[in-house]
Amino acid sequence: SRIFLILGILILWLISMTTKFKYNGLIYGLDFGLFHPDGKLYTFKTLTLLGKSELEAGTLVSDWYSTHAFKLKYFEPSSLYFDIHPLWQLYKPRVLYPILSVPFVAILGIQGMLVVPALSMLVLLISVFLIGIKVGNEKLAFVIVFMLSISPVVNRWMFANITDGLLTAITCIFLVSLLYIQKPNLFLFVGSVLILLGSLTRTSVVQWLAICAGIYLMNQIHII
């Protein structure tokens, strides 16, 4: 039974991913595309990590966005340069997504920026199911997985070249680790690494403080 549920989750993920890749664009003025305005900076960073010059990387991203993006699709390549774009001070620490995307972009080109988000969606769905197993309600967990897989909001943010999906995946792994790792010292190590990785994905200090505060309170009343 559990094997069939897991296969069902994989099928739901494949359907969700295929549907988003096939049908995307502007809906009521909202960007449901695959390549978002913020994503051009992560793509530019990934290309420079692959050894492209700023001119080469900027030109590649600019050309790609002109044909594959839906909002802010036209811009000068030089506007992405590290010493020109005003958001680089904020985005500079967000290195994990570009680093993880390097091998996929090296093989697939700029569309490789979608691999990490797609895998992050899979991590989300599997994590919900693992939590369901732990609390003894696999069928309810599968229903939640199904609802997530068909949610236009979830699909909008998870299947795009931005960091939302990766941070979601890291958070899910953190929560699953909390439930499954019984040794406090091991969880402290794993949790610390995940918090570090989350911080290298995007600014998330408030999220981690809230989660840690929740863990502390649950320990105080012996929930975990």
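Axes are lines fitted to C-alpha atoms, for helices over the stretch in contact, and angles run from 0 to 180 degrees between N-to-C directions. The model is predicted: local features need pLDDT of at least 70, side-chain atom pairs count only at pLDDT 80 or more, and totals for chains, interfaces and linings use all residues. Residues are numbered from 1 along each chain as its sequence is written, and side-chain values use heavy atoms, with hydrogens and water left out.

**Exercise 1. Determine how the axes of H9 and H10 are arranged and which residues make the contact.**

Step 1. Helices (H or I, at least four residues) and strands (E, at least two) are DSSP runs, numbered from the N terminus. The axes of H9 and H10 cross at roughly 170° and come within 10 Å.

Step 2. Angles under 35 degrees count as roughly parallel, over 145 as roughly antiparallel, 65 to 115 as roughly perpendicular and the rest as oblique. H9 and H10 are therefore roughly antiparallel to each other.

Step 3. Contact means heavy atoms within 4.5 Å. From H9, the contact is made by Leu167, Ile170, Ile173, Phe174, Ser177 and Leu178; H10 contributes Phe187, Val190, Gly191, Leu194, Ile195, Leu197 and Gly198.

Step 4. Ala, Val, Leu, Ile, Met, Phe, Trp, Tyr, Cys and Pro count as nonpolar, Asp, Glu, Lys and Arg as charged, and the others, Gly among them, as polar. On this basis the contact of H9 with H10 has ten nonpolar, three polar and no charged residues.

**Exercise 2. Describe the setting of Leu194.**

Step 1. Leu194 lies in helix H10. Its relative accessible area is 8%, so Leu194 is buried (buried means under 20% relative accessible area, exposed over 50%, partly exposed in between, with a 1.4 Å probe and protein chains only).

Step 2. Leu194 and Ile173 are separated by 21 residues in sequence and by 7.9 Å in space, C-alpha to C-alpha.

Step 3. Neighbours within four places in sequence being left aside, Leu194 is in contact with Ile170, Ile173, Phe174, Ser177 and Trp208.

**Exercise 3. Identify the largest nonpolar core and the helices that supply it.**

Step 1. A nonpolar core is a set of buried Ala, Val, Leu, Ile, Met, Phe, Trp, Tyr and Cys residues joined through side-chain atoms within 4.5 Å. The largest has 33 residues, and those with the most contacts inside it are Phe35, Phe44, Val61, Tyr65 and Phe174.

Step 2. Helices that each supply at least two residues of this core include H2 (39-49), H3 (54-68) and H9 (164-180). H9 gives the largest share, five residues.

Step 3. A second, separate core has 18 residues, including Ile9, Ala118, Leu125 and Phe159.

**Exercise 4. Establish whether H2 is enclosed or open, and what its buried residues pack against.**

Step 1. Nine of the eleven residues of H2 are buried, so this helix is largely enclosed by the rest of the structure. Among them are Leu41, Tyr42, Phe44 and Leu47.

Step 2. The buried residues of H2 pack against H3, H4 and H5.

**Exercise 5. Explain why Cys212 forms no bond with Cys172.**

Step 1. A disulfide is a pair of cysteine sulfur atoms within 2.5 Å. The structure holds zero disulfides.

Step 2. The closest cysteine sulfur to that of Cys212 is in Cys172, 16 Å away, which is too far for a bond.

Step 3. Cys172 is buried, at a relative accessible area of 11%, whereas Cys212 counts as partly exposed at 36% relative accessibility.
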